[in-house]
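Grab a viewer and something to scribble on. Try each exercise yourself before you read the solution under it.

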Amino acid sequence: MKDKFYMCECGCGALHVSYEPGWGLELALFERSPSRSLWNRIRLAWSALRGVPYTDMVILNNQQIADLVDQLVEIQNQKDIV
């Protein structure tokens, strides 16, 4: 299944949805802010290198919600087949 990114309405981050039959469903929240201080950029880069570049919230519009629901239903149907 193809990975998808859903960009936050406020532009601060993104939701990443990935599914692998042998692994499972992964939902990741990524932070995105170009106006960060140098210290915060270094801290975020360090978190990314350790594998945890996550934040805590992503705001989706109605179309993104519908797309996400469709993707999750597709994953569920694929899981039932496998």
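Below are five exercises on this predicted model, each with a worked solution.

**Exercise 1. Get the overall layout.**
Work out how many helices and strands the protein chain has, and in what order they come.

*Solution.*
- Step 1: count the elements. You should get two helices and three strands.
- Step 2: walk along the chain from the N terminus. The elements read β-β-β-α-α.
- Step 3: check burial over the chain. Of the 82 residues, 23% are buried.
- Step 4: look at the contacts with a separation of 6 or more. Residues 24 or more positions apart make up 47% of those.

**Exercise 2. Sort out the sheet.**
Find the strand order, then decide which strands stand at the edges.

*Solution.*
- Step 1: trace the pairing. The three strands form an open sheet in the order β1-β2-β3, and the pairing is antiparallel.
- Step 2: count partners. β1 (4–7) and β3 (24–31) each have a single partner strand, so each has one side without a neighbour in the sheet, and these two are the edges.
- Step 3: look at the twist. From one strand to the next, it averages 20 degrees.
- Step 4: zoom in on β2 and β3. This antiparallel pair is joined by eight bridges, and Gly 13 sits opposite Glu 31 of β3.

**Exercise 3. Build the core.**
List the residues of the largest nonpolar core and say which element gives the largest share.

*Solution.*
- Step 1: collect the members. There are eight: Tyr 6, Cys 8, Leu 15, Val 17, Tyr 19, Val 58, Leu 68 and Ile 75.
- Step 2: assign them to elements. β2 (13–20) and α2 (62–81) both supply at least two residues.
- Step 3: pick the top contributor. That's β2, with three residues.
- Step 4: take one member and list its contacts. Skipping residues up to four places away in sequence, Cys 8 touches Gly 13, Ala 14, Val 58 and Ile 59.

**Exercise 4. Compare two strand residues.**
Take Ser 18 and Leu 27: is each one buried or exposed?

*Solution.*
- Step 1: place them. Ser 18 belongs to β2, while Leu 27 belongs to β3.
- Step 2: apply the cut-offs, under 20% for buried and over 50% for exposed. With a relative accessible area of 9%, Ser 18 is buried; Leu 27 comes out at 52%, so it counts as exposed.
- Step 3: check who they meet, leaving aside neighbours within four places in sequence. Ser 18 is in contact with Asp 3, Gly 24, Leu 25 and Glu 26. For Leu 27, the list is Leu 15, His 16 and Val 17.
- Step 4: look for a side-chain polar contact. Ser 18 and Asp 3 have one, at 2.9 Å.
- Step 5: get a C-alpha distance. Leu 27 and Phe 5 are 9.9 Å apart in space and 22 residues apart in sequence.

**Exercise 5. Hunt for aromatic pairs.**
Search the whole structure: how many aromatic pairs turn up?

*Solution.*
- Step 1: run the search. It returns one pair.
- Step 2: describe the geometry. Phe 5 and Phe 30 are 6.1 Å apart, centre to centre, with 50 degrees between the planes, which makes the pair tilted.
- Step 3: map the pair onto the chain. Phe 5 is in β1 and Phe 30 in β3, 25 residues apart, and the pair links distant parts of the chain.
- Step 4: check accessibility. Phe 30 has a relative accessibility of 25%, so it counts as partly exposed.

Key: Residues numbered from 1 in each chain as written. Predicted model: local features only at pLDDT ≥ 70, side-chain atom pairs only at ≥ 80, totals over all residues. Heavy atoms only, no water. Core = buried A, V, L, I, M, F, W, Y, C linked by side-chain atoms within 4.5 Å. Buried < 20%, exposed > 50% of the residue type's maximum accessible area, 1.4 Å probe, protein only. Helix = DSSP H or I, 4+ residues; strand = E, 2+ residues; numbered from the N terminus. Contact = heavy atoms within 4.5 Å. Pairing = 2+ DSSP bridges. Axes fitted to C-alpha atoms, helices over the stretch in contact; angles between N-to-C directions. Polar contact = N/O pair within 3.5 Å; in protein donor to acceptor, adjacent residues only side chain to side chain. Phe/Tyr/Trp six-rings, centres within 6.5 Å; stacked < 30°, edge-to-face > 60°.
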